[in-house]
Amino acid sequence: MQLSDLLADGAALEKVATGTIWAEGPVWLPERRAVRYSDIPNNRIVEFSEETGQLTVYNDEAEFTNGRTLDRDGAVIQCSHGRRAVERDDDGTVKTLVDSWRGVRLNSPNDVVVKSDGTIWFTDPPYGILRSVEGHPGIQEYRDSYVFRFDPTNGDIDPVVIDVETPNGLAFSPNEDLLYVADSSLAAPDPDKPARYSGHAIHAYDIFDGRYAKNGRIFAEVSPGLPDGFRVDVDGNIWTSSQDAVQVFAPDGALIGRIPVPEVIANLCFGGSDGRTLYITASTSLYRIRTTTRDATAR
Ligand code: MG
């Protein structure tokens with residue numbers, strides 16, 4: 001597999017919107033034919049319409065949302081730094097799904113995926129409680145950063161990954177037998193904990209019985225910069241953010257290629273009416289490029 005096989009003939013990176021400070025958490029909304037994403041320091045949610053080519057503000061009191069995905073019924077599931085919660089946005093009606101574990105508050109949920117069984121898996125690093133530019137300063141009440149599995153049918157919440165220093169983006173392989181988790185601990189090493197790991201790799205876990213993440217290992221180191229958000233395509237390739245390019249890794253961890261982007265990348269998602277356009281949130285701007293593939297969860 002070569003990168004040219006994964007990009008449409010003549011594909012070129014295109015900047016389609018600008019005006020954000022730190023663009024994050026993109027998701028494609030099929031019914032609106034739009035990419036919705038977070039502008040975290042401006043505390044707002046914006047939408048880019050493919051039809052009009054315009055960027056509009058969806059919500060300017062967003063409580064510092066970060067990553068988002070679609071639930072199986074098409075509603076948006078999003079992470080809120082400000083509410084320290086994972087929530088559901090149903091056409092503007094926002095409901096908290098989960099904001100605590102064992103009686104203490106979550107840190108600041110960062111990114112989220114919905115498994116085919118309806119459970120919601122999310123990462124919980126502290127970025128939204130460290131500085132007021134990304135949320136409301138606070139403490140890590142459970143004193144660590146985990147990946148959690150939340151079952152909306154009964155409210156159960158369980159840690160599934162506890163050994164990634166700063167879990168950030170996450171995604172399942174196409175058949176959900178693997179969970180990938182990005183470690184972005186390189187971004188903000190804790191000066192009070194010099195011995196703690198400072199990493200920039202995507203980790204992989206085997207999933208047993210549909211819910212237990214075991215045998216964690218490093219899948220791929222991402223540099224320069226670090227992996228924040230990423231997506232998996234139908235063939236199991238990983239498309240990840242880094243400092244200066246979208247990097248594409250084969251399922252065996254080999255680097256297939258890089259798509260240079262002129263700004264620091266936070267995240268990306270597949271979209272467009274055929275699902276084959278890759279949208280990239282990179283600091284002040286939204287970019288896109290045409291591909292030949294689709295998201296592993298595309299239905
Ligand atoms: Mg993130």
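Here is a chat about a predicted model, going through its sheets, its magnesium site and a few odd residues.

Me: Let's start with the sheet of six strands: in what order do the strands come?
Reply: This one is an open sheet, and the pairing in it is antiparallel. The twist averages 45 degrees from one strand to the next. Reading across, the order is β4-β3-β2-β1-β24-β23.

Me: Which strands stand at the edges of that sheet?
Reply: Look for strands that have a single partner, because one side of each is then left without a neighbour in the sheet. Going by the order β4-β3-β2-β1-β24-β23, check the two ends. The edge strands are β4 and β23 (267-271).

Me: How many bridges join β2 to β3?
Reply: Strand β2 covers residues 34-39 and runs antiparallel to β3. Within this pair, Arg36 stands opposite Glu47 in β3. The number of bridges joining the two is six.

Me: In the hairpin of β2 and β3, which residue takes a positive phi?
Reply: There are four residues between the strands of this hairpin. One of them has phi near 50 degrees, and that residue is Asn43.

Me: How many residues of β3 are buried?
Reply: Buried here means under 20% relative accessible area. Strand β3 spans residues 44-49, six residues in total, and is mostly covered. The buried ones number five.

Me: And on the way from β3 to β4, which residue of the hairpin takes a positive phi?
Reply: β3 and β4 pair in the antiparallel sense over four bridges, with Val46 having Val57 as its bridge partner in β4. Their hairpin has five residues between the strands. The one with phi near 75 degrees is Gly53.

Me: Over at β23, which residue of β24 stands opposite Gly271?
Reply: β23 is joined to strand β24 (residues 277-290) by five bridges, and the two run antiparallel. Opposite Gly271 in β24 you'll find Thr277.

Me: Now the sheet of four strands: which of its strands are left without a neighbour on one side?
Reply: It's an open sheet too, ordered β11-β12-β13-β14 with antiparallel pairing. A strand at the edge has a single partner strand, so one of its sides has no neighbour in the sheet. That applies to β11 (112-114) and β14 (156-161).

Me: Which residue in β12 does Val112 stand opposite?
Reply: β11 pairs with strand β12 (residues 120-123) in the antiparallel sense, over three bridges. Find Val112 and look across to β12, and you land on Phe122.

Me: Which residues are the protein donors of the magnesium ion?
Reply: The donors lie 2.1 to 2.6 Å from the ion. In sequence they are spaced E-x85-N-x57-N-x59-D. They are Glu24 (OE), Asn110 (OD1), Asn168 (OD1) and Asp228 (OD).

Me: How many residues apart in sequence are the parts that Glu24 and Asn110 tie together?
Reply: Glu24 is buried, with a relative accessible area of 1%, and Asn110 is buried at 2%. Glu24 sits in strand β1 (residues 14-29), while Asn110 is in the loop between β10 (104-105) and β11. The pair therefore ties together parts whose separation in sequence is 86 residues.

Me: Phe64 has a positive phi; is Phe64 buried or exposed?
Reply: Phi of Phe64 is near 55 degrees, and Phe64 isn't a glycine. You'll find Phe64 in the loop between β4 (55-59) and β5 (65-70). With a relative accessible area of 10%, Phe64 is buried.

Me: What about Asp91: buried or exposed?
Reply: Asp91 also has a positive phi, about 50 degrees, although it is not a glycine. Asp91 is found in the loop between β7 (85-90) and β8 (93-98). Its relative accessible area is 72%, and that makes Asp91 exposed.

Me: Which side chain of opposite charge is nearest to Asp233?
Reply: Asp233 is in the loop between β19 and β20 (238-240), where a polar atom of its side chain lies 2.8 Å from the backbone nitrogen of Asp235. Asp233 is buried yet has no salt bridge. A salt bridge would need a distance within 4 Å. The nearest side chain of opposite charge is 9.2 Å away, and it belongs to Arg276.

Me: Last one: which residues does the cis peptide bond join?
Reply: Omega of this bond is about 0 degrees. One partner, Pro224, is in the loop between β18 (212-221) and β19 (230-232). The bond joins Ser223 and Pro224.

Methods: Residues are numbered from 1 along each chain as its sequence is written. This is a predicted model: local features need pLDDT of at least 70, side-chain atom pairs count only at pLDDT 80 or more; totals for chains, interfaces and linings use all residues. Side-chain values use heavy atoms; hydrogens and water are left out. Two strands pair if DSSP finds at least two bridges between them. Donors are N, O and S atoms within 2.8 Å of the metal (3.2 Å for Na, K and Ca); water is not among the atoms, so sites may look incomplete. Buried means under 20% relative accessible area, exposed over 50%, partly exposed in between (1.4 Å probe, protein chains only). Lys and Arg count as positive and Asp and Glu as negative; His and the chain ends are not counted. A polar contact is a pair of N or O atoms within 3.5 Å; within protein, one must be able to donate a hydrogen and the other to accept it, and residues adjacent in sequence count only if both atoms are side-chain atoms. Axes are lines fitted to C-alpha atoms, for helices over the stretch in contact, and angles run from 0 to 180 degrees between N-to-C directions.
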